[in-house]
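Subject: Structure for you to look at

Hi there,

Here is the structure I promised to pass on, with my notes underneath. Have a look at it first, then read on.

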Amino acid sequence: MLTFVIAKKRRTWQIAGSNQYLIQFAMSLKAPISTIMTKDVLMIDSGDSLPEALNTFNNHSIRHAPVVHRGELVGMLSWLDVKSLASTAALHNMEVKGEDRNGITVREVMTPDPVSVQVGDTIGEVAQILTENEFHALPVLDGETVVGIVSTTDVIRYFLEEEG
């Protein structure tokens, strides 16, 4: 059995298997998140209308986007946020289609003050944050600047490729 520790969180993993596989797995957890993040991240302005944001989601086939105000990260917007709006409207017999939707801004629907990771954080650290908080995506920062986004799909794809 091999035991190793991920630096920042002091998370101990104990895994049984061949030494070669265990060493490869341990090394894959320590790879920087920059190796798997989406670098050409589409950001949405907090003042954009909901239809503008939905067009961005649809036109680029994305499910999550960092929300910025004057270049600073202020939130995350996801399909789940938009679905929540529709559910709330239905509960209160509100109409959020067509004209009514135009008055709603991203700021009103986004998740504010999102958890983020730094570009040098490891895949293991990010996988832990995603899992423990049940997040589906995290903005990736270099200092205070948004430089990417990483999703659970990115992490799963990485481990599947490492396995294969």
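Let me begin with one acidic residue. Aspartate 154 counts as buried because its relative accessible area is 10%, and the cut-off for buried is under 20%. Please keep in mind that this is a predicted model. Aspartate 154 sits in helix α7, which covers residues 152-163. Setting aside neighbours within four places in sequence, its contacts are Ile36, Thr38 and Ile149.

Next, the sheets. One of them is an open sheet of four strands, in the order β3-β4-β5-β6 and with mixed pairing. Its edges are β3 (44-45) and β6 (111-112), each of which pairs on one side only.

If you want to follow the pairing residue by residue, start at β3. It runs parallel to β4 (residues 64-69), and two bridges join them. Isoleucine 44 is opposite valine 67 of β4, while aspartate 45 has valine 68 as its bridge partner in that strand. On its way to β5 (residues 72-78), the pairing changes sense: β4 and β5 are antiparallel, with six bridges. One place to see this is histidine 64, which stands opposite serine 78 in β5. These two strands make a hairpin with two residues between them, and arginine 70 in the turn has a positive phi of about 55 degrees.

How many of the six residues of β4 are buried? Five are, so to speak of β4 as mostly covered is fair.

Now for the nonpolar cores. The largest has 16 residues, and Ile44, Leu50, Leu77 and Val106 have the most contacts inside it. You will recognise Ile44 from the pairing with β4, where it faces valine 67. The elements giving two or more residues to this core are α2 (50-60), β4, β5, α3 (79-91) and α5 (106-109). Which of them gives the largest share? That is α2, with four residues. Another core, of 15 residues, lies apart from this one, and its members include Ile33, Val126, Ala127 and Val140.

That second core leads on to the other sheet. Three strands, in the order β7-β8-β9, form an open sheet with mixed pairing. Here the edge strands are β7 (117-118) and β9 (145-151), each pairing on one side only. β7 runs parallel to β8 (residues 137-142), and the two are joined by two bridges. Valine 117 is opposite valine 140 in β8, and Val140 is among the residues of the 15-residue core.

Which helix packs on this sheet? It is α6, which touches β7, β8 and β9, and whose direction makes about 140 degrees with that of β8. Helix α6 spans residues 123-133 and is mostly covered, with eight of its 11 residues buried. The buried ones are Ile123, Gly124, Glu125, Val126, Ala127, Gln128, Ile129 and Leu130. Two of these, Val126 and Ala127, are listed in the 15-residue core as well. Just after the helix, glutamate 134 takes a positive phi of about 55 degrees.

If you open the model yourself, aspartate 154 in α7 is a good starting point, and the hairpin of β4 and β5 can come next.

Happy to talk any of this through.

Best wishes

Definitions and conventions
Residues numbered from 1 in each chain as written. Predicted model: local features only at pLDDT ≥ 70, side-chain atom pairs only at ≥ 80, totals over all residues. Heavy atoms only, no water. Buried < 20%, exposed > 50% of the residue type's maximum accessible area, 1.4 Å probe, protein only. Contact = heavy atoms within 4.5 Å. Pairing = 2+ DSSP bridges. Core = buried A, V, L, I, M, F, W, Y, C linked by side-chain atoms within 4.5 Å. Axes fitted to C-alpha atoms, helices over the stretch in contact; angles between N-to-C directions.
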